[in-house]
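Here are my comments on the model, set out as numbered points. They deal first with a helix and then with the salt bridges.

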Amino acid sequence: MAVLQQELTLGEAADQLARALPGHRVEILQGRLTVTPPPDGSHALSLTKLGRAFDRAGIVEAGHEYVQGVGLWLPALPEDFAIPDFSVVDEDFRDAHVTKNYYAPNVFRLVVEVTSSNWSDDLYVKVECYAQAGIPAYLVADRKHDEVLLYTDPADGKYPEPQCFKRGQSVPVPESVGVRLELSVDILLDG
């Protein structure tokens, strides 16, 4: 008996993987399909504490919200999208819906990634993707190298060299985010 196989688009393959692997993060970055397992406890706790810090700083009063796991449409390639760990977005971000669970990059003020098994994507590929999308600030809690990197003010699709923060230091949230806040490197790395 002959079996007919249908060739899938990258987007269709991503949708199938997302359904088949609940809890995993499926993204298309620079035309490459990536799958990341669910976060560990320290990773999840870092994001919880990050949300609390933004609540205390008055993020809602500043006209913004923070969200976890909301898709960011990446305009460089037609099917590219990322699902950042944590994002600060305009309060009306849902008006910038592009497709599926992906929103236009212009409503993102800050994107945060806490590294896990796919740490190289967060440190290299996503730096390029987020800069090309014009994300004003990208913060990476790099658990692999025990530091926090802050990329800001992309120009011509590239971020300048990042600011690097070590344990015991605090990371100032850029003014473009809309609140005054210092984030502990240790909490970002350890939860």
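1. This is a predicted model, and I would begin with helix α1, whose buried residues are G11, A13 and A14. These residues span an arc of only 160° around the axis, which places them on the same side of α1. R19 and A20, on the other side of α1, are exposed.

2. As for what the buried residues of α1 meet, they pack against three strands, namely β1, β2 (32-36) and β5.

3. Helix α1 (residues 10-20) also contains D15, whose side chain meets that of K100 in a salt bridge with an N to O distance of 2.9 Å. Because K100 belongs to the loop between β7 (97-99) and β8 (102-103), the pair ties together parts that are 85 residues apart in sequence. Both partners count as partly exposed, K100 at 44% relative accessibility and D15 at 26%.

4. A second salt bridge joins R25 and D85, with the closest N and O atoms 2.7 Å apart. This pair, too, links distant parts of the chain, since R25 is in strand β1 (residues 25-29) while D85 is in the loop between β5 (81-82) and β6 (86-90), 60 residues apart. The two partners fall into separate classes of accessibility: D85, at 5% relative accessibility, counts as buried because the cut-off for that class is under 20%, whereas R25, at 21%, counts as partly exposed.

5. R167 forms a salt bridge with D186, and here the closest N and O atoms are 3.0 Å apart. R167 lies in the loop between β12 (163-165) and β13 (170-172) and D186 in helix α4 (residues 185-190), so that this salt bridge ties together parts that are 19 residues apart in sequence. R167 is partly exposed, with a relative accessible area of 34%, and D186 likewise counts as partly exposed, at 27% relative accessibility.

6. Beyond these individual pairs, E27, E113, D122 and K126 are joined into one network by salt bridges that share partners. For the model as a whole, the count comes to 12 salt bridges, among them the pair K100 and D15, the pair R25 and D85, and the pair R167 and D186.

Key:
Residues are numbered from 1 along each chain as its sequence is written. This is a predicted model: local features need pLDDT of at least 70, side-chain atom pairs count only at pLDDT 80 or more; totals for chains, interfaces and linings use all residues. Side-chain values use heavy atoms; hydrogens and water are left out. A salt bridge is a side-chain nitrogen of Lys or Arg within 4 Å of a carboxyl oxygen of Asp or Glu. Helices (H or I, at least four residues) and strands (E, at least two) are DSSP runs, numbered from the N terminus. Buried means under 20% relative accessible area, exposed over 50%, partly exposed in between (1.4 Å probe, protein chains only). The arc is that of the directions from the helix axis to the C-beta atoms. Contact means heavy atoms within 4.5 Å.
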